[in-house]
Amino acid sequence: MEEEGSHGRGRKKGGMVTMPFIFSNEVCDKLAVVGFNANMISYLTTQLHMPLTKAANTVTNFGGTAALTPLLGAFVADAYAGRFWTITVASIIYVVGMTLLTLSAILPQLRPPPCKGGQLCQEASAGQLAVLYTALLLGALGSGGIRPCVVALGADQFDANDPKQSTRTWKYFNWYYFVMGVSILLALTVLVYIQDNIGWGLGLGIPTILMFLSVITLIGGYRLYRMMDPAGSPFTRLLQVCVASFRKRKLATVTDSRLLYVNEELDALISLDGKLVHTNHVKFLDKAAVVTPEDDVKSPNLWRLNTVHRVEELKTVLRMGPIWASGILLYTAYAQQSTFSLQQAKTVDRHLGRSFEIPAASMGVFTMTAMLFTIAAYDRLLVPVSRRFTGLDRGISFLMRMGIGYFISILATLVAGFVEVKRKHYAKAHGLLDSPHAMIPMSVFWLMPQYALHGIAEAFISIGHLEFFYDQAPESMRSSATALLWTSISAGNYLSTFLVTVVHKYSAKPDGSNWLPDRNLNRGKLEYFYWLLTLLQALNLVYYVCVAKFYTFKPVQIHRAVAVNGTEDKAAVELAKV
């Protein structure tokens, strides 16, 4: 049930006034996450002395785990606690994790001694790694409660049934990503610079303090929020439909959908924006809504009998699956920015003038800057122009938006491979192939195109994904659906770990050469790995075009009051494809 209410002079809850409170939490989360993740490979290799491939896999494994926990956070929010309280508790857990991480960077007992001369560096002990992994796990759990719920809570502040607010939702996603991009930009410049030039303690302590302040800010706006009460576990409902359809598997398929079970009172809490209409997809599941003499229609056993709306919830999720899967390879390619692309940057000339050197982890600035400019151009230029041709308020559909992003991502990894060839050519020309720590006299700006193309691709794909999951998911599953974006990021990171491990193992030769060497990138074949990703993404684009072409948008019945004999007492039913 929606907590609409009023207070003060009867002001309606929600709206733009809530955005500063909600965005502050997201900004601090991104400062903390990106401020460490962008430089995490450097921390693991220089402070904890991990080998490169082990450090790269640690980064992607952590990224995969952190992107998987939003499923847990979304489940808790949708089923029990609601989005606001889930964000609040998760933020507190996050602060604890960040505090522990900061202490591990400050206290010398929690990291190995510095390297001495040309001696082999001592790796972190099991106990020191345990402290690090505990802090990372707490951070992952905290992010799991924040990431899916902040997006959905912000979108909830705009009433889809209010004509004045109905067009603001898709604009909100653009603004959400824009604000997130600005915070990431700050993390990649200010925080990374502090970590590299002043110290890790201060570089991690600042986002820890900001995260604590964001919790206070979020709670401060409590009375302003438009909030939705949790409507029970969406996963339980999906399971109930599966069980009910299996139990009635021997029944004949009903050809007339009007004979299927409908109970508007039972579905009231999960169909505030409209009731899902019967579709002819996966007709086997319709058997869950077939009424038999054993069923009590007034008080049904939901493990035997479900409404059409609940059956269609499951069908909607199943239809979204192929689109979700198409995003995995994108995030596999994107993950290389924080691992091998960063190692590329560490080997080249990053000086601006004589005194200032760009931190390698700040190369993501090019990604974020490109993303921010693309979002602004998309919102101010592309949408108004394309709207004239498509008639859509958002300019182009989110499916087309994602497709454009997939194509640009292919270009990003293709270019990255050629840049790596160029980098090794410079190293060979200057006799530096066997000097992995020497600076190659090649400008860091050669790497800018691959970073910028990833940023442009993200502006199209990630926002398109958010729009798709929020728009097409059943309304009672919007936190869970938003979490699906993070599960594709998780799967992408784990796939990256798998690919790196397999390529590192099977490209090794008896003479010690390897596509992805641990100690000397100059003797590797990183360009082959990038082009492998390019090929996989090209195949993925073909797959995406096929599933997008045959995707069926969810049909919803929207009840609106219309005037009858001068009074508004009759509901008009509109079939809308949202």
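The legends below describe three close-up views of a predicted model.

In this predicted model, local features need pLDDT of at least 70 and side-chain atom pairs count only at pLDDT 80 or more, while totals for chains, interfaces and linings use all residues. Residues are numbered from 1 along each chain as its sequence is written, and side-chain values use heavy atoms, with hydrogens and water left out.

**View 1. The bend in helix α13 (residues 364–390).** Helix α13, a DSSP run of H or I with at least four residues, numbered from the N terminus, has 27 residues, yet its end C-alpha atoms are only 34 Å apart, short of the 39 Å that a straight helix would reach at 1.5 Å a residue; this expected span is 1.5 Å times one less than the number of residues. At Tyr378, α13 bends by about 45°, the bend being the angle between axes fitted to the seven residues ending there and the seven starting there. Gly391, which follows α13, has a positive phi, near 75°.

**View 2. Lys275 in strand β5 (residues 275–276).** A strand is a DSSP run of E with at least two residues. Lys275 is buried, with a relative accessible area of 18%, where buried means under 20% (1.4 Å probe, protein chains only). Residues up to four places away in sequence aside, Lys275 touches Val262, Glu264, His309, Pro555, Val556 and Gln557, a contact being heavy atoms within 4.5 Å.

**View 3. Helices at the second largest pocket.** Helices α2 (40–47) and α12 (340–347) each supply at least two residues of the lining, and α12 gives the largest share, three residues; lining residues have an atom within 4 Å of a point of the pocket, which is an open set on a 1 Å grid over the protein atoms alone, with protein on both sides within 12 Å along at least five of seven lines.

Notes:
Buried < 20%, exposed > 50% of the residue type's maximum accessible area, 1.4 Å probe, protein only.
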